[in-house]
Amino acid sequence: MADQTPAPAIEVRDLTKSFRVNGRDVHALNGVSLAVGHAETLGIVGESGSGKSTLGRIVVGLETMSSGEILHEGTAISGVGRAERNARLAKCQMIFQDPYASLNPRMTIGRQIHETLRAHGSRQLAHNLATAAVLLERVGLPQDAAGRYPHEFSGGQRQRIAIARAISTGPSVIVADEAVSALDVSIREQILDLMAELKGTTSYLFISHDMAAVAKFCDRIAVMHKGRLVEQGTTRQIISAPQDPYTQSLLEAVPRIGRRR
Amino acid sequence: MLFYVARRLLTAFITILVVVILAGVLIHVVPGDPITAMLAQSGSADADDIARLTAQYGLDQPVWKQALLYAGNALQGDLGTTIRGGEPVAELLLDRLPNTIALAVAGLGTALVLGIPMGFIAAVNRGRAADFAVMLIAILGVSIPGFWMGLTFIQVFSLHLGWFPVAGTSARNIVLPALTLGVVHSALVARMTRSALVDILNEDYIRTARARGLREHQVLLVHAMRPAMISVVTVVGLVFAHLLGGQVITENVFSWNGIGRLAIQAMLQRDYPLVQGFIVIFATSIVLVTTALDLLYGLLDPRVRRR
Amino acid sequence: MTDTTTNHRPRRLPAALRQWNIAVGALILGIVVLAAILAPWIAPYDPFKMASGPRLTGPSAAHWFGTDELGRDLFSRVLLGARLSLGIGFAAVAVGLLFGVTFGMIIAFCPERVKALLLRIVDVVYSFPDTLLALALVAFMGPGVENATIAIAISLIPFYARVTYGLAAVERAKPYVEAAQIAQAAPARIMRIQVLPNILQSLIVIGSIGFSSAILSAAGLSFLGLGVQPPSPEWGSILASGRNYISRAPWILIFPGLAICLTVLSFNLIGDGIRDLTDPKSRRRRS
Amino acid sequence: ATLTVARGVDADGLDPQQVSTTQSSQITNLMFDTLVTLDASGEAHPGLAESWEISDDNLSYAFTIREGLTCHDGSAFTPEDVVFTFDRARDPETKNPRLAQYGPIESVTTEGNVVTVTMTEPYGPLMSYLGSFSIPMMCQGSVTADGGFEPVGTGPFKLVEWSRNDHITLAANDAYQNFNPLIENPGRPYVDELKLVVIPEAVARMAALRSGEVDLAEPSLEEAALLDSDPAFKVYSADLSGQQVLTAFTWKIPPLDNPDVRRAIGMGLDRDSYAMIAYEGLVSPTTCPAAPGLIGVDLEKCAEWGVSYDPDAARAILEGLGYTQDSPLEVKLSVHALPGFDQMHQMMQQNLAEIGVQAELETREVAAFFDHMSQENMRTEGTPVVWTMGYSGVDSDYMTTMWKTPGFVNMGLGGEMDAMLDEQRTLTGDARVEKLQEIQKILLEEGYAVPLVSPGWNWLWASSDKIDGFKTGFVASILFNDVKIAE
Amino acid sequence: MTGALISVRDLSIRYGGPDAPAAVDGVSFDVNPGEIVALVGESGSGKSSVSLAVMSLLPDSAHVGGSILFEGRDLAACGRREMENIRGNRIGMIFQEPMTCLNPVLSIARQMTEGLVRHRAMSRSAARRRALQALADVGIPEPERVMNSFPHELSGGMRQRVMIAAALTLEPSLLIADEPTTALDVTVQAQVLDLLVEIRNRTGDGVLLITHDIGVVAEVADRVVVMQGGHVVEHGPWEQVIRAPREAYTKALIGAHMSLEEALTDGGLHG
Ligand SMILES: Nc1ncnc2c1ncn2[C@@H]1O[C@H](COP(=O)(O)OP(=O)(O)OP(=O)(O)O)[C@@H](O)[C@H]1O
Ligand SMILES: Nc1ncnc2c1ncn2[C@@H]1O[C@H](COP(=O)(O)OP(=O)(O)OP(=O)(O)O)[C@@H](O)[C@H]1O
Ligand SMILES: [Mg+2]
Ligand SMILES: [Mg+2]
Ligand code: NI
């Protein structure tokens, strides 16, 4: 590795993860290696249950890995002290696949964003609420959203709340797990544009089933299948010239106007 | 799994040992000693007698020595003999243990039988008259001192109706003390059930269960009660552990020959070996029940299981 | 909830009565607290004066709650008793909850190994019979009401800690806590701000019920020299000293019992009210 | 017929040489007889010994043991059993808590039918203790082959079964011969079986009595007063209890070192109202430092030496010493729990307030209380303590245990008093009575003790009116020999 | 109109009180037997609210106006018992958020079979076999393992498929599917859509498909109802709505749908 090339923002080496369920091991991840460069957006697509969320959760430190290595900015996260580990992880944010479950049911939306900002050193409630209001407006939520509770929103609205919360601190890495799946196209555009604004400083791990969104948003794409990485390449490569049969079938299945089942 | 259980049992054992040694020290710090207490009641508190007996019972030894000696003997299964009456402690306690367990189980069972439906009714009728009525009953149950309730039961069921004997330790006699314990503890169970249930009835998965067309009672009993029981079980388990240490008031009122009465007597007489023997049993029941609780969390709540 | 009609049924409580429980609870508690504060001035008799009336007379116009075995006016005693009883119940539960909940939370958020150790420590404390703990406390700190309160609080701590641990462990596994952890919020703040409100309901329940048991166990300890010393009136000790009069003069038991009951009721009402307030799903949306 | 009796507390054990509580001795007394017996005046009568001789120097007692007595195990009761009893009592292994009451025994020997007990010093109270449940005679069968204990005596009842804290079942001893002058029935008890059950809660005990579940029960003070006025029930109280309740002082702590202050406090105490109100009129006020009915106790003389209720005089004395309502003498009123104590102490507190003494009540459970008092009695400064206790015995000699240095919980008076107490033990007859009264005079005149009421605990019984012939003996012992149950 | 499976008339829903602003206002549409009706619209436009209203499962805070007829019967007039017999059995529902809609403490097996046991009076083991089949139908690779799992042990897409399979096993006359495929990769999505169409063709049941994916609409829907801000803004057969949208919002919706190729160029990122 040449000294000159800056280390990738996130690098995953030979990651495996297995869960024990009813006495059996379920291999969620099987030797996955990939890297997300600075200000790069890596799309992760693949079969449902192929380990995408698990990968994301391990990257942000929510899940332990069975084996392998994770490097933040070239430093193995397992090799550093607790404080540094926390400091590094603090620069990562995650947008959960289940937005509702990831919101505290007893806290208003504004308050939840405040808590996130507060954890990043911005302690003033009024200031944080103002930030929250701006963010919520940008994700297309009504004005009074900050004062409402999670259950008062629609599925898509909750997803947008989760996005607003995740980007509020300006993280350097965002794991977006199905971040826009519940959004209709018009709002999705808006959200993706918003997320794209951060692209200059933020690396994205963009997990999605929506091939169009991935195609539009990502620099590179990694395709996962049964816990393995089957193909990796630039967006154009993957979309226009997929090599792996699974990728091909994936692209083939994208719904389109003009085909009828 | 086997390894896990074995490790749990080992830590449980160590916990009990620590308790016993600590208790052995603590007990000597408590003012008053068995000999003075004994002689003060004998009408012969002669100073010479006190010194003589203190030495004869080995109570003039340093405290730590006594505590370790006791723990050592206890490890070999010897809990010693009582100072009053010179009876074997283990036998004395084990004779009463079944009575105590029976009362704890019956009392807790009654509390559950009374409390869970009450909490259930209150939660389902939240904010309505039934909710308030249940709360009122529950609170009456917990505010009335146990001895008062017990004595009233005796007056009504034993004296006036003649259904149960006033005193004794038998299957027939367990009804009233179990009822008393049950009423006292049902408040906690009822309020806890209600609290958990109210939260859960708002969950989306209850809506899903309804959408599946399940009968309302199925929705409530299976989908809502199962998760609600997690917090109820915690509380109930802890109460049960406590009950296994005997219920002095209830045992007294109903002349139930349980461990609690024996223990308090031992405590007041400073009958050290008996007190320590009791603590061994009490600690064992606490540790066993809490260990079981920790395992039970996993069973009841799969989300906690993997941890 | 009954299904189809649900949406058309008028709201269960009209708007004004929405916080009905808090209002009534606060009213009752207010009266009790006021009685406690004003007792010396509003008590019709000197609560300590013997033979204010004939011994063991039932409630009458002169003695609303009757008189006790020494001819003292029970109404005045119950009134003044509110001071100590409220103090004991409140302090014991507050201290017990404070430490218990803190420990419980910490345990729930601990790494596996430390957790096992801490749980065992809680078990050790829980394994000491209340009476022995109380006796030991007299040894270290001498008799007195304050120490009785401390003894009760100490015996409550492991219970509260264990309950909190159980509740918090369930919450901890939920994604919203993970979300907070990702944001790298300090664990203490996650416990306090995120988890606590979500388990508060159950804690309120065990706390409000703990109040009455604290008063009753304080009375149980008074013969050890812990607790209120006669002739100071306190609800639990009035009950305890009146136990043998249960058939001769039941009012000695009824009125202080009722006082405890009302106070606990008020706590429960307020607790339910707080739940309604903090439960967003049953809360009215401001229009 | 079976007589069922409910008590609040069970025996600690059945070994008469190991037990210490009144409740335990009440039971052992049913199974074991004594060498001599006492009549109502405390005079010794023949018991298992048909006669005795005391040497002139009061050092040797020769008891002629009756023939034809049988133990519960069927063996004959012999002089060897008497020696066995004394030897076992003095064996350190036995850990006998009442050894002091046996006196300074040098040896116990037999010759034919005669057992001779030799003392190293004269010991006046011996006959009283020999006649009480303190020194019961055991049969050798009491010690089993493996060294264990089994109650085998010559008493009216033999053990059938004991379940601690629950019940004791005794069966009538068919071979029983009675010598106790307090009992009329010369032979076997009329009832076949005696079942003593433990019902700790007084109210429950009364419910059991009312429902007929038990025939005889210990009532609480409160209930006894209620039953007393009910013709369907009888209430018994032990006249010969040997018990009394008295107030004492930490007399080393000023200003309680001043006899005037102690006497003034005594004058402030209204014992009549304690007896009437706190004790529901079931006890009598008393005036002597030893219990009424015991040797050397003369209530009238004591009344002269001691103080009587006179709050005005008390106030005057204390005012003279500078203690007024506004600047009261501050003391602690330290007590432990006994029936009636709670109310009595509140009344005492109020009484004291009226004479310018501000007493803070301090309750402890028994063991802690005595521990605490042992320390308080050693102090010579700090807050003075006024304290109350109950005491019981079969002989006024218990004043020795109490007041001779170091004394009970270190309350010993020392000096001259020690010598007097020692001396009274060596005397017999009128000389001893005189000495005992001299001692009491000092205790009262110096205000070391303020006697309050007698008796004090476990002395009350209640039965349905179907029960006839129930009696109590010395030190609150219970006698069932004469009991008949009407159908 | 004869034989509409469900007809929604002038439905309005207000959260919080009768005076609160309407989340759904004056919505009317029908679903006929054998028809797949797509309910599309912007996020927050009230689609889920409408579906919950049909199930009578709105939260207590919701105030409902208008009427909903199921097979000619007014659902509002149905008793509790009747409604219980209709739900799951006659009208099935797939909820939008699969995590919170599955009971965390009950196994998947339990949750999948209870409907069958309840409505079809099946034995547990028969229901289990049926459920396993249904899981396989929606493309779950290891149905046995999933059956024995708890919700938190499954991936998002698996949970969603569990929800779908559970609803499908009962073969309700009307299936309401609230964004059933958002968490599914496109191959599985295709499989599920095929399954829906196949069931419809076989049984003649009706489907109310809530989605925001115009591609999906174009592939399977017979009729389309477009909602915006709580109102129905457009309503018609699929060809008409997709080929010749009238409303600006519908046009925008369709216009925004990109083919992959468009997305590549549009994103125009440094490819
Ligand atoms: N319980 C509630 N309390 C208050 N407002 C609510 C509640 N549920 C939904 N809403 C509001 O009602 C409107 C419609 O919500 P609904 O869930 O029906 O939208 P949707 O069309 O399903 O959107 P999505 O596609 O994002 O899921 C939204 O603005 C939402 O904020
Ligand atoms: N906590 C867990 N316990 C057991 N198994 C788990 C757990 N979490 C995930 N798995 C399993 O790991 C595998 C990968 O899950 P993951 O959630 O990473 O998939 P995914 O790629 O995100 O799928 P989807 O697109 O459906 O969300 C699945 O088979 C799942 O069942
Ligand atoms: Mg996923
Ligand atoms: Mg929706
Ligand atoms: Ni307790």
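Trainee: Which residues come nearest to ligand 2 in this predicted model?
Mentor: Of the 20 residues around ligand 2, those are S48(A), K52(A), S53(A), T54(A) and G157(E). Ligand 2 lies between chains A and E.

Trainee: What makes the approach of S53(A) to ligand 2 a polar contact?
Mentor: A polar side-chain atom of S53(A) is 2.5 Å from an oxygen atom of the ligand. The cut-off for a pair of N or O atoms is 3.5 Å, so the pair counts. Polar backbone atoms also lie by ligand oxygens: that of G49(A) at 2.7 Å, and that of E153(E) at 2.8 Å. The protein covers 94% of the 630 Å² of accessible area that ligand 2 has on its own.

Trainee: Which helices and strands each supply at least two residues of the shell around ligand 2?
Mentor: Chain A contributes β1 (10–21) and α1 (52–59), and chain E contributes α6 (156–169). By class, the shell has twelve polar, five nonpolar and three charged residues.

Trainee: Why are H242(B) and D130(C) called donors of the nickel ion, ligand 5?
Mentor: NE2 of H242(B) and OD of D130(C) lie 2.1 to 2.3 Å from the ion. The limit for this metal is 2.8 Å, so both qualify. The pair crosses between chains: H242(B) is in helix α10 (residues 216–244) of chain B, and D130(C) is in helix α5 (residues 130–141) of chain C.

Trainee: Why is H242(B) called partly exposed?
Mentor: Its relative accessibility is 23%. Buried means under 20% and exposed over 50%, so H242(B) falls in between.

Trainee: What makes D130(C) partly exposed?
Mentor: D130(C) has a relative accessible area of 34%, so the limits of 20% and 50% place it in between too.

Definitions and conventions:
Residues numbered from 1 in each chain as written. Chains lettered and ligands numbered in written order. Predicted model: local features only at pLDDT ≥ 70, side-chain atom pairs only at ≥ 80, totals over all residues. Heavy atoms only, no water. Near = heavy atom within 4 Å. Polar contact = N/O pair within 3.5 Å; in protein donor to acceptor, adjacent residues only side chain to side chain. Areas by Shrake-Rupley, 256 points an atom, 1.4 Å probe, with all protein chains shown as cover. Helix = DSSP H or I, 4+ residues; strand = E, 2+ residues; numbered from the N terminus. Nonpolar A, V, L, I, M, F, W, Y, C, P; charged D, E, K, R; others polar. Donors = N, O, S within 2.8 Å, 3.2 Å for Na, K, Ca; no water. Buried < 20%, exposed > 50% of the residue type's maximum accessible area, 1.4 Å probe, protein only.
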